[in-house]
Every structure is written in structure tokens, then in C-alpha cells.
Amino acid sequence: MATPSKAKTVYVCSACGYETPKWYGQCPSCKAWNTFEEEIKREAPAGARSAPRLTGSGAKSFSQISDELEKRLASGIGEFDRVLGGGLVLGSVVLISGDPGIGKSTILLQACERYAKTAGEVLYVSGEESPHQLKTRARRLGVSSENIGVLCETDADYICDYVAGNKPKVVVIDSIQTMSLSDTASLPGSVTQVRECASAFMRTAKRLNVPFIIVGHVNKDGNIAGPKVLEHIVDCVLSFEGDRHFSYRLLRAVKNRFGSTNELGVFDMGDDGLREVPNPSQSMLEGRPKNASGSCVACVMEGSRPIMAEVQALVTATGYGTARRMSDGFDYNRLSMLIAVLEKKCGYILGNCDVFVNIVGGLRVDEPATDLTVALAMVSSLKDVVVPQDVIAFGEIGLAGELRSVGGCEQRVREAHRLGFRRCVIPLQNLKQMPAELKNKIELVGASYIRQAFEAVK
Ligand SMILES: Nc1ncnc2c1ncn2[C@@H]1O[C@H](COP(=O)(O)OP(=O)(O)OP(=O)(O)O)[C@@H](O)[C@H]1O
Ligand SMILES: [Mg+2]
Ligand SMILES: [Zn+2]
């Protein structure tokens with residue numbers, strides 16, 4: 001770079017990337033609190049890197065653009081490929097985020113082994129662990145392909161040059177927070193570094209048509225540490241979730257330019273790494289208490305796939321003070337709404353009760369179809385009446401206490417039948433559309449109000 005660059009101090013919002021010369025307690029742009037970080041910034045010489053720039057040639061018509069990008073690399077790990085929309089698109093950049101220790105490095109190392117076998121040379125760049133540590137993990141996971149190149153490096157420019165020189169088929173960067181560009185003065189992990197390094201990798205990926213998988217750590221709020229803009233730069237954002245004390249791990253697409261975002265991959269963490277869970281419904285229902293009140297099973301749609309989930313509720317009289325409401329895996333505000341509907345429309349008094357709701361198995365359900373299941377579990381606990389083992393119930397509850405139809409009803413009912421359930425309580429609207437053949441296999445009960453649904457499970 002010819003002209004010496006000028007350094008200045010700026011404050012950057014870690015949530016949205018807003019820059020100001022002055023520190024603020026609250027970001028004027030995204031209104032988040034305590035998100036400003038101090039950074040030293042050098043004025044980039046005119047024309048230097050700004051937004052990711054792809055190839056500089058003239059405009060082309062669609063027919064002139066090659067189809068090369070459409071090719072996908074499948075790892076052969078079904079659950080992983082599904083979440084990516086069928087495989088890794090060449091030249092795409094995938095960000096995978098998750099809590100510390102959830103298994104990000106594990107899944108990527110396992111995927112590397114598969115890519116190395118099917119596609120060829122794979123580059124695994126680690127800025128966090130020594131080659132020895134990586135080898136220990138690889139041995140534990142049974143990863144031994146000669147095609148995996150391990151590079152312990154944090155200089156993003158060097159990595160991009162290395163990729164250009166060696167042309168690996170897939171590049172893994174573990175993690176973006178450890179990477180830095182030498183001509184960006186701020187510390188690794190700072191907003192500017194994270195953003196600049198991600199853009200550098202993005203440019204390299206697009207230019208060479210090599211897919212990059214980048215690990216991103218999350219901060220205490222569960223957001224990817226670094227600016228929100230990082231999520232805009234990359235093509236695909238996967239989030240790796242699960243309870244650390246529980247062996248199930250859920251991989252979810254949060255953003256995907258090349259596929260659906262609702263897909264879910266389910267894994268089981270063991271000593272020898274992550275194993276696919278081919279039948280998640282069954283696993284989610286394992287260890288279900290028999291003849292216990294406060295439990296009811298729902299069938300939730302995770303993308304194109306129906307998965308059974310057990311909803312547990314505990315309703316007890318409040319000891320003193322205000323009633324407590326706790327919800328794990330289910331939206332808190334939605335829970336408050338359901339409690340209000342149960343009080344006003346069904347006459348169940350929950351105002352002086354503590355209510356705890358939990359979706360077993362670490363699943364987080366955010367579709368309204370579980371409303372009825374949660375309501376049934378709460379009433380079951382309140383009245384200490386058991387919902388029969390072979391019943392499932394789902395449906396959206398409206399403010400008037402009515403049951404509204406839900407999407408994917410037929411798939412849900414089929415999944416219930418497959419797992420041996422005998423009776424499904426569903427919204428009446430949905431019942432009307434069910435094929436007759438299905439009605440012979442499993443007892444379907446339609447309800448248009450919550451009260452009717454309660455009657456049906458007695
Ligand atoms: N024998 C074992 N030794 C170490 N970890 C194991 C073992 N068996 C299972 N694990 C699991 O592997 C996890 C570590 O996985 P991994 O290092 O891939 O996580 P990570 O998401 O990359 O973490 P970090 O954020 O620290 O990079 C542990 O939390 C543990 O649950
Ligand atoms: Mg790791
Ligand atoms: Zn902001």
C-alpha cells in the first residue's frame with residue numbers, strides 16, 4: 001500500500017456495526033445497550049477493500065453465467081446435508097454458530113473426513129487449537145484421511161493466499177473470532193476484524209469457487225459475537241443448539257440463500273463424536289413418564305419433517321407473593337396468553353398458581369400448533385388428570401378459545417400413527433381435509449373449541 005494510512009479511534013456497535021467517534025451507552029441505530037467497543041481504525045487508502053467485490057468483468061445475461069455454482073458437495077452425513085439444503089454449494093460461505101463446547105469443531109472435523117473422501121483435498125484452519133490438540137480429537141473421532149490439511153494460522157491474508165495456491169475443495173475456518181488482517185489495527189475478535197476477515201474469506205470463496213465453513217462463537221445473549229452484518233455477508237447461517245448436559249444436538253439453518261431455513265438436523269453426542277439420529281421422534285419420546293399428569297405429546301414441524309415432542313407442565317399453588325411462570329423451549333408471552341385464555345374462556349383459575357412448562361429434549365418450538373398441547377399439559381397438571389399415553393394433540397388456540405387449523409396436519413398424523421399413537425385430537429378444520437384412508441388407521445377427533453379438545457382426551 002503506497003500511502004501511509006492514518007489511525008483514529010472509533011466506537012463500533014457490536015450488534016449492528018454502527019460507527020461513531022463518541023461512546024454511547026445506547027446505540028442510536030439499533031437501540032441496544034452497552035454494545036459499543038473501542039477500536040483503532042486506519043483510514044483505508046482510496047479504492048482499497050470495502051464491501052466484498054466479486055469478479056470485475058462486465059454484465060452478463062443469465063444464460064452466459066455458468067451453472068458451476070449450482071453444484072453441491074454432499075458430505076454423506078444426511079442430517080448435515082439436509083440443513084444445508086442438500087449439500088454445500090460451491091463458492092458459498094457458511095457460518096456455523098453455537099455455545100462454547102457444543103460440538104462445532106467436532107461436527108466440522110467429521111464433515112471434513114467425509115468431504116476428504118468424496119471431494120478431495122480439504123483445508124482445516126484452526127486459530128484456537130494446536131496441531132496436537134486437533135490430532136487428539138481427530139483420533140477420538142476416527143478422522144484420519146490423508147486429504148485433510150491442518151493449518152494452525154490466524155492471518156486471514158495468508159490463509160486466502162494459501163487457499164489460492166493450494167485450491168482445496170472445502171475450507172473450514174475455526175473460528176472467525178481468532179482471525180485477523182494485519183492491515184486492520186483492531187484486536188482479533190473485534191467487530192472490525194471479524195467483519196473484514198469474513199469479507200476477505202467471502203471474496204476468496206467467490207473468486208475461486210471454493211466453499212468456506214466458518215465457525216462463529218456466540219456471546220452471552222446467544223447472538224453471533226461480532227456485528228449483525230456478519231450474518232448478512234455470508235450465504236448461510238447454521239446454529240448449533242442443545243443442552244450441554246443432554247446429548248442431543250440440533251443443527252438449524254437460520255439463513256440459507258440456497259435452501260429452506262426451517263430444516264433441522266438431529267445428532268447425538270458420544271465419545272466418538274456426533275452420530276446422526278435417524279428417528280428423532282422416537283428419541284424425543286424416550287423416557288416419557290407413564291401415567292403422569294402434566295404431560296402431553298405434540299407433533300411439531302421442523303421444516304419438512306414432523307417431530308414428536310413431549311410437553312411437560314407443572315402447575316402448583318403459589319407459596320407467597322406473585323405467581324411464577326417459567327417456560328423452557330416455548331415462547332413465554334405465548335404461555336401468558338394461553339393462561340389468560342384458559343382462565344377467561346374455560347374457567348380454570350391459574351392466577352394464584354405457579355406454572356412451569358418444559359419441552360423435553362431441548363427442542364425449542366416456535367409454532368402455534370403446540371398451543372393445544374401446552375394447554376392440555378397445564379390443565380392435566382392442574383386437575384391431576386392423566387392424558388392417555390396413546391393420545392397426541394395439537395392446534396393453534398385463538399383468543400376466543402377457538403382451535404385454528406395448522407399446516408402439515410396430515411404429515412403430523414402419519415408420524416403419530418407410525419410411532420404407535422392411537423388417537424389424535426386436531427382442529428375440526430383440519431379433520432375435514434384428512435384423507436379417508438388415514439381415518440381408518442388412527443382415531444381422529446376434531447375440535448373447534450379448547451373445551452371440546454379437553455373432553456376428547458378424557
Ligand atoms: N471423550 C471426550 N473428550 C472430550 N470431549 C468430548 C468427549 N466426548 C464427548 N465430548 C464432547 O465434545 C464437546 C467438545 O466439542 P467441540 O470441541 O467440538 O466443541 P466446540 O463447539 O468446538 O467448542 P469451542 O467453542 O470450545 O470451540 C464437549 O463439550 C463434550 O460434550
Ligand atoms: Mg471448537
Ligand atoms: Zn447498534
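Helices, taken as H or I runs of at least four residues, and strands, taken as E runs of at least two, are DSSP runs numbered from the N terminus. In this predicted model, that numbering puts Lys 167 in the loop between α4 (156-166) and β9. Lys 167 is not a glycine, yet its phi is positive, at about 45 degrees.

On the other side of β9 there is a second backbone feature. Asp 174 and Ser 175 are joined by a cis peptide bond, with omega at about 0 degrees. Ser 175 lies in the loop that runs between β9 (170-174) and α5 (191-208).

The wider layout of the chain comes from its domain assignment, which gives domain 1 as 7-42, domain 2 as 71-278 and domain 3 as 283-457. Taken over C-alpha atoms, the centres of domain 2 and domain 3 are 37 Å apart. The two domains touch through 13 residues of domain 2 and twelve residues of domain 3. Between them, domain 2 and domain 3 bury about 1000 Å², and 47% of this is on carbon and sulfur atoms. On the domain 2 side, the residues that lose the most area to domain 3 are Tyr 248, Arg 252 and Leu 264, which together account for 39% of what that side buries.

Helix α13 (residues 450-457) packs against helix α9 (residues 371-383) at an angle of about 60 degrees, and the two axes are 11 Å apart. Angles of 65 to 115 degrees would count as roughly perpendicular and those under 35 as roughly parallel, so α9 is oblique to α13. The crossing in which α9 passes α13 is right-handed. From α9, the residues in this contact are Leu 372, Ala 375, Leu 376 and Val 379; from α13 they are Ile 450, Ala 453, Phe 454 and Val 457. Sorted by class, the contact of α9 with α13 comprises eight nonpolar residues, with no polar and no charged ones.

Helix α13 also packs against helix α8 (residues 332-346), here at an angle of about 90 degrees, with axes 11 Å apart. The helices α8 and α13 are therefore roughly perpendicular to each other. In α8, Val 341, Leu 342, Lys 345 and Cys 346 meet Ile 450, Arg 451 and Phe 454 of α13. By class, this contact of α8 with α13 has five nonpolar and two charged residues, and no polar ones. Ile 450 and Phe 454 of α13 thus appear in the contact with α9 and in the contact with α8.

How values were computed: Residues numbered from 1 in each chain as written. Chains lettered and ligands numbered in written order. Predicted model: local features only at pLDDT ≥ 70, side-chain atom pairs only at ≥ 80, totals over all residues. Heavy atoms only, no water. Axes fitted to C-alpha atoms, helices over the stretch in contact; angles between N-to-C directions. Parallel < 35°, antiparallel > 145°, perpendicular 65-115°, else oblique. Left-handed = near helix turned anticlockwise from the far one by under 90°. Contact = heavy atoms within 4.5 Å. Nonpolar A, V, L, I, M, F, W, Y, C, P; charged D, E, K, R; others polar. Domains from an automatic or database assignment. Buried area = accessible area lost by both parts, 1.4 Å probe.
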